[in-house]
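Let's take a walk through a protein model together. Keep the 3D view open and turn it as you read.

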Amino acid sequence: MRRRDFLKNSAGAGLAAGAALKLGGYDNLWSSSLPSSAPYDLVAIMGGKPDAMFDLGIQELGGMGTYVKKGQKVLVKPNIGWDQTPEYAATTNPALVKRIIEHCFRVGAKEVYVFDHTCDNWVNCYKNSGLEKVSRDAGAKVVPGNSEGYYHEVSVPGAKVLGSMKIHQLLLDTDVFINVPVLKDHDSTSMTCCMKGMMGVVWDRAFWHRNNLHQCIADYTLYSKKPSLHVIDCFNVITKHGPRGVSKEDVANLQTQILTSDWVAGDAAAAKMLKLDPSSIDYLTIAYKLGSGNMNLDTLNIKRIKM
Amino acid sequence: MRSSALSKIRIGCSIFVILLLTATFVDISHLIPERYINISHFLQFIPSANKFISAGVAASTGFIIILVLTIITGRTYCSFLCPLGILQDIFSRTGGSIKKRFRRYGFKKPQTILRYAILAATLIVTMTWGIYFLTLLDPYSIFGRSMTFFVKPVVLLLNNLLSHIFGKFDIYTFVQTPVTLFSPAAYYIPIAILLLVGILSLANGRLYCNAVCPVGTFLGIISKVSLLQIKFDGSKCTKCGRCAVACKSSCIDFLNKDIDNSRCVGCFNCLKSCQDKALEYNFISFKKPAKDARIGKETGIDYGRRNAISVSLLILLGLKSQSSSAQNKTAPVPKKASTVKEKITSPVSPPGSASIVNFTTNCTACSLCISVCPNNVLVPSVTEYGLTSVMQPHLDFRKGFCAYECVRCLDVCPTGALLPLTIEAKKLTQIGKSVFIKDNCIVNTEKTACGACAESCPTKAVHMVPFEGKLVIPETKDEICIGCGHCEFACPTTPYKAIFVNGNPKHAAARKPVNTQTDIRKPEEFPF
C-alpha cells in the first residue's frame with residue numbers, strides 16, 4: 001500500500017508540469033531541479049515584513065502556481081525544532097509560514113500539511129513557536145512527527161553514507177514539498193538552513209551525528225523527493241549560540257528573505273548573510289560536488305529587491 | 001438514617017473520585033492543568049499529611065479534613081475517597097460476577113495482630129528511619145503506580161491504534177505516542193502489591209484495608225469513637241444475616257448484633273441489604289451495649305500473613321534481579337563502540353527536591369510526576385538511590401531530558417517531596433553537572449563533526465571549541481550547567497555516552513548565562 005501510494009504520488013508529481021520532483025535526480029545537474037518557468041535562479045528581498053517580502057518574491061518567480069498545481073497536496077516544512085517563542089528566531093517566522101500556506105490554497109492546493117521532527121518536546125515546540133496556530137488558521141493540517149510510526153524507510157541512491165533512512169510519511173504522501181528554513185548559526189556545522197533542515201524530516205538524526213554529519217547532510221540531497229522551493233527566512237537570525245540561542249542578544253534583525261529552488265545556492269547565499277564563506281562549510285561543498293546545486297553565486301541569475 | 005440512599009451517594013462519589021484520579025495518571029496528552037491535578041489529590045491522606053509535615057504547607061490541610069471527617073462519620077474516606085479502596089470495590093464486583101460466593105462475605109475475626117503490627121512498624125520506621133513503609137503501603141501511591149505502570153501503557157496502545165486508524169483518513173487528532181517501559185526490576189513491587197490487593201479484594205472484600213493498609217488501621221482507631229456509626233436496632237433485627245453477607249469488611253457480627261467499627265469502611269451496603277430496617281447510621285448514644293462473647297467464624301487461613309510473606313519474598317526477588325536499563329537496545333550500532341564507561345557518582349533527583357536526602361525522605365513513589373512528565377525523563381529507580389528508595393523516581397537521560405521551560409512535576413507533587421519553583425528559579429537550579437568524556441566523542445574518535453550535545457544545550461554550558469583542523473569539540477562550563485541532560489540524551493555514541501550528567505546530591509544554584517549583543521547587523525547591500 002505504501003509503495004503503491006508512493007509510486008502513484010511520484011508519478012503524479014512527475015507528470016505535473018513545473019513540478020521539481022525528479023526520480024533518481026542524483027545524476028542531474030543543479031539547473032535541472034529548477035522549474036523551467038521560473039525566471040530567476042534566486043530571488044532575494046530585503047527590508048520588509050516576512051509576509052510582504054514573500055508576496056514580492058513569489059511574484060517574481062511567477063506566483064505560487066509555478067510550484068503548486070490545482071488539486072495537489074503540499075507539504076510546508078518550517079523549522080519548529082525548539083521550544084522557543086518567535087522572537088528568539090530559533091523557529092521559522094509564523095507570519096511567513098502563514099502567508100505561504102495562503103498562497104498554496106489560493107492556487108488551488110487540495111491540502112497543505114505542516115510538520116517538523118522537533119528536538120524539544122514537540123507539543124511545546126508546535127505551540128510556543130506560534131506555528132501550530134497560524135498553520136491551522138490558514139487552513140493547513142498540522143501533523144505530529146514525534147513517533148517512529150510516522151516514518152518509513154527509503155533508500156538514497158548514490159549516497160556515500162546515508163544509503164537508507166526513515167523519512168516522514170508526509171514526504172511520500174504529498175505532491176509538492178516547500179522547505180521554509182530559518183537561517184541560524186550552528187555550533188557544529190557553522191550554519192543551518194535549507195539542507196541541514198532536512199534533519200527535521202528523518203527519524204534517526206543520531207545516525208547522522210554518528211556517521212560524518214557533513215556527508216549525511218549532503219547525501220540527503222540525493223534523495224529523489226526534493227523540495228520544489230526553499231523560502232529562507234532571514235528576518236530574525238540567530239547569529240551565535242545557534243541553533244537554539246541563549247537570549248535575544250544572539251538575534252540580529254536582518255529583514256531578508258531568499259527564495260530559490262536550489263538549496264546549495266540558497267545555503268551559499270544565506271551563509272553570506274552570516275558573514276560566512278560558503279566554501280568553508282563542508283556539507284555545502286560536498287553537496288555541490290554531488291551535483292545537488294550551484295554554490296557559485298556569481299554564475300546565478302539573481303533578482304535582488306529592496307523594499 | 002436507614003435509607004439505601006447513602007450507598008448510592010457513596011457509589012456516585014467514588015465513581016467520580018476514581019475517574020478523576022485515573023484521568024490524572026493516564027492523561028497521555030497532558031491536558032489536565034496542574035491546579036486540577038492538585039485538587040484531585042488534595043484530600044488524599046498520606047500525601048497531604050506528608051506535605052504538611054515536611055513542608056508545613058498551609059494549603060496542604062486535606063488530611064486534617066479527613067481526620068475531622070473520620071471523627072464524625074467513621075472511615076468513610078476508605079469508601080468515598082480512597083482510590084485504592086474504590087479500585088478494590090471494582091475488583092470485588094468483578095469477583096462477584098465470576099462467582100457469586102466471592103461477594104458473600106460473612107463475619108470474620110479481625111486481623112488484630114497483623115494490622116496493628118503493620119501500623120506500628122510503619123509509624124516507627126517512618127519516624128525513626130524513613131518513608132519506606134509508606135512508599136510501599138500508602139494507598140494513593142499504590143493506586144498511582146498501578147495506573148502509571150499498568151493502565152497508562154494500555155491507554156497508549158489504544159491511542160496508537162486509534163491514531164493509526166484515523167491517520168488513514170488524514171485525521172491527526174490522536175497522536176502516536178511511544179509506549180515507554182521502565183526497567184523490568186522496577187515492576188516487581190508494583191506487580192506484587194497489585195496482585196495482593198487484587199486477589200484479596202476479588203474474594204474477600206476489603207480484607208487488604210483491614211489487615212494490611214496502615215491508613216485503614218489508623219483511621220479505624222479513630223472511627224471506633226466516631227460520632228456517626230452503624231448500629232443495630234435490636235428490636236427489629238430478625239438475625240437473617242443479610243447484612244453480614246453484604247459487608248465487604250466482614251465486620252458485622254449479626255448474631256451478637258455487634259459491628260466492629262474499626263473495620264467498617266462506611267460503604268452502607270448493609271443498610272441497603274437489611275430488609276427489616278434494623279440497621280441505622282446515626283449518632284451514637286453513649287449507653288454501653290451489652291457485649292456477649294464473640295462467636296466468629298474461623299477461616300483457618302491467614303491471608304494477610306500469607307501475603308505479607310509473599311510480598312517480602314517478591315520484594316527480595318525484585319531487588320535481586322535488577323537489570324541495567326541504561327542501554328537503549330534498539331539504537332543502531334555505531335561504527336566504533338564507545339569505550340569509556342560513565343562514572344556516575346550520584347543519581348539525579350527532580351528539580352524542586354532540593355537534595356536527594358530531602359527527596360527520598362518525602363517521596364511515597366506515587367509516580368504522579370512520572371505520569372505528568374511530558375518528556376518521559378522520570379523513571380522509577382531500582383537501586384540508584386539505594387535499596388530503601390526503590391520506586392522513587394530519578395531522571396534517566398537515556399529516556400529523555402528535563403525540558404528547560406517545564407515545572408510540571410514540581411507543581412503536582414502531592415507529598416511535598418518536590419516543592420514548586422518558578423520557571424525562572426528552576427532554570428537556575430543545578431540538579432547535576434554535565435561531564436564530557438573525550439575518548440568517547442565522535443569528533444575525537446571519528447574525526448567528523450557532531451555537536452549534538454552543544455546544539456541541545458539551553459544555557460550553552462556545553463559549547464564547541466576549536467579542535468583539529470576545522471573540527472570543533474564540546475567543552476563544558478559547570479557554573480551555568482543546570483543538569484537538564486539534553487546533552488546526554490542527544491549524544492549519539494553507544495554503548496557509553498560521550499557526555500553525561502552526574503547528579504548533585506544537594507542541588508546547587510547555577511549562574512545565569514551571560515551573553516553579549518551580536519555584532520552582525522542588517523547589511524546595506526546584499527552580500528551576494
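We'll start with chain A, then look at where the chains meet, and finish in the core.

Keep in mind that this is a predicted model. In chain A you'll find 10 helices and 12 strands. Of the 307 residues in this chain, 64% are buried. Now think about who touches whom along the chain: among contacts in chain A with a separation of 6 or more, 75% join residues 24 or more positions apart.

For a close-up, try helix 10 of chain A, which covers residues 282-289. Is this helix enclosed or open? Count 20 or more other C-beta atoms within 10 Å of a residue's own, and that residue is called buried. By that test, 6 of the 8 residues in helix 10 of chain A are buried, so the helix is largely enclosed by the rest of the structure. You can pick them out: A:Asp282, A:Tyr283, A:Leu284, A:Ile286, A:Ala287 and A:Tyr288. And what covers them? Helix 8 and helix 9 of chain A are part of that cover. After helix 10 of chain A comes A:Gly291, with a positive phi near 85 degrees.

Next, swing the view round to where the chains meet. Here 49 residues of chain A are in contact with 40 residues of chain B. Several pieces of chain A each supply at least two residues to the side that touches chain B, including strand 1 (42-46), helix 4 (122-128) and helix 9 (263-273). Strand 11 of chain A gives the largest share, 5 residues. What kinds of residues make up this side of chain A? They split into 19 nonpolar, 17 polar and 13 charged.

Over in chain B, there are two domains to find: domain 1 (5-283) and domain 2 (427-514). Taken over C-alpha atoms, their centres are 46 Å apart.

Last stop: the core. In soluble globular proteins, nonpolar side chains tend to be buried together. In this model, the largest nonpolar core has 233 residues. Those with the most contacts inside the core include A:Val76, A:Ala270, B:Cys270 and B:Cys369. Helix 9 of chain A supplies the largest share of this core, 8 residues. Both domain 1 and domain 2 of chain B give residues to this core too, so the core lies between them. To see one spot up close, click on B:Cys369: leaving out residues up to four places away in sequence, B:Cys369 touches B:Pro350, B:Leu378, B:Pro393, B:Cys409, B:Val412, B:Cys413 and B:Leu418.

Conventions. Residues are numbered from 1 along each chain as its sequence is written. Chains are lettered from A and ligands numbered from 1 in the order in which they are written. This is a predicted model: local features need pLDDT of at least 70, side-chain atom pairs count only at pLDDT 80 or more; totals for chains, interfaces and linings use all residues. Two residues are in contact if their C-beta atoms, placed from the backbone, lie within 7 Å. Helices (H or I, at least four residues) and strands (E, at least two) are DSSP runs, numbered from the N terminus. Ala, Val, Leu, Ile, Met, Phe, Trp, Tyr, Cys and Pro count as nonpolar, Asp, Glu, Lys and Arg as charged, and the others, Gly among them, as polar. A residue is buried if 20 or more other C-beta atoms lie within 10 Å of its own, exposed if 12 or fewer, and partly exposed in between; C-beta atoms are placed from the backbone. Domain bounds come from an automatic or database domain assignment. A nonpolar core is a set of buried Ala, Val, Leu, Ile, Met, Phe, Trp, Tyr and Cys residues joined through C-beta atoms within 7 Å.
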